[in-house]
Amino acid sequence: MIKEISPSEVQEKLQNGENIELIDVREDEEVAEGIISKAKHIKMGDIPARAGELDKEKEYIFICRSGRRSENVAAFLQEQGYKVVNMTGGMLEWKGETVPKQ
């Protein structure tokens with residue numbers, strides 16, 4: 001079972017100043033349209049090679065366009081021993097601000 005969080009719950013955590021780890025797994029052209037300001041961008045296809053950059057002691061919230069790819073990434077990383085949460089509904093349901101990718 002993958003833990004889930006809604007876009008509104010993520011927004012609430014950010015507004016409350018909680019230190020959360022967000023990882024956006026969308027493709028470059030999707031992220032070019034805007035990314036949640038605190039999110040780190042690691043494309044889904046790059047996750048296996050870059051998983052070592054993640055800390056197994058931290059919990060990561062994964063984001064994509066609709067919540068499906070991020071769920072697959074979360075399942076993959078959970079099997080590797082990472083603490084993961086999937087943002088259901090993805091950026092399609094995100095009502096908060098986005099910024100251009102840096």
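In this predicted model, His41 sits in strand β3, which spans residues 40-41. With a relative accessibility of 12%, His41 counts as buried, because the cut-off for that class is under 20%. Its side chain has polar partners. A polar atom of the His41 side chain lies 2.7 Å from the backbone oxygen of Arg26, and the side chain of His41 also makes a polar contact with that of Lys101, at 2.9 Å. Leaving out residues up to four places away in sequence, His41 touches Asp24, Arg26, Glu27, Asp28, Val31, Ile35, Arg50 and Lys101. Arg26 and Lys101 thus appear both among these contacts and as polar partners of the His41 side chain.

From this residue the description turns to the nonpolar interior. The largest nonpolar core has 15 residues, and those that touch the most other members are Ile23, Val25, Ile47, Leu54, Phe62 and Leu77. Strand β4 (59-63) and helix α4 (68-79) each supply at least two residues of this core. The largest share, three residues, comes from α4. The surroundings of Ile23 can be listed in the manner used for His41. Apart from neighbours within four places in sequence, Ile23 is in contact with Lys40, Ile42, Leu54, Tyr60, Ile61, Phe62 and Ile63. A second core, separate from the largest one, consists of 14 residues and includes Ile5, Ala39, Ile61 and Met87. Ile61 therefore belongs to the second core, while it is also one of the residues in contact with Ile23.

Charged side chains form another part of the picture. Side chains of opposite charge can pair when their charged atoms come close. The structure holds nine salt bridges. One of them joins the side chains of Glu18 and Lys13, with an N to O distance of 3.2 Å. Both residues are partly exposed: Glu18 has a relative accessible area of 34%, and Lys13 has a relative accessibility of 26%.

A further salt bridge pairs Lys43 with Asp28, whose closest N and O atoms are 3.5 Å apart. Lys43 lies in the loop between β3 and α3 (47-50), whereas Asp28 belongs to helix α2 (residues 28-31), so this pair ties together parts that are 15 residues apart in sequence. Lys43 is partly exposed, with a relative accessible area of 22%, and Asp28, at 40% relative accessibility, is likewise partly exposed. Asp28 is also among the residues that His41 touches.

Helix α2 takes part in another such link. Arg69 forms a salt bridge with Glu30, the closest N and O atoms being 2.8 Å apart. Arg69 lies in helix α4 and Glu30 in helix α2, so the two residues tie together parts that are 39 residues apart in sequence. Arg69 counts as partly exposed at 24% relative accessibility, whereas Glu30 is buried, with a relative accessible area of 17%. In addition, salt bridges with shared partners join Lys40, Arg50 and Glu53 into one network. Two members of this network have appeared above: Lys40 is in contact with Ile23, and Arg50 is touched by His41.

Finally, the record offers a name for much of this region. An unreviewed UniProt entry lists residues 16-99 as "domain: Rhodanese". Over residues 16-99 the chain is 24% helix and 19% strand, and the end C-alpha atoms are 19 Å apart.

Terms used. Residues are numbered from 1 along each chain as its sequence is written. This is a predicted model: local features need pLDDT of at least 70, side-chain atom pairs count only at pLDDT 80 or more; totals for chains, interfaces and linings use all residues. Side-chain values use heavy atoms; hydrogens and water are left out. Helices (H or I, at least four residues) and strands (E, at least two) are DSSP runs, numbered from the N terminus. Buried means under 20% relative accessible area, exposed over 50%, partly exposed in between (1.4 Å probe, protein chains only). A polar contact is a pair of N or O atoms within 3.5 Å; within protein, one must be able to donate a hydrogen and the other to accept it, and residues adjacent in sequence count only if both atoms are side-chain atoms. Contact means heavy atoms within 4.5 Å. A nonpolar core is a set of buried Ala, Val, Leu, Ile, Met, Phe, Trp, Tyr and Cys residues joined through side-chain atoms within 4.5 Å. A salt bridge is a side-chain nitrogen of Lys or Arg within 4 Å of a carboxyl oxygen of Asp or Glu. UniProt positions are given in the numbering used here, feature names are shortened, and annotations may be inferred rather than shown by experiment.
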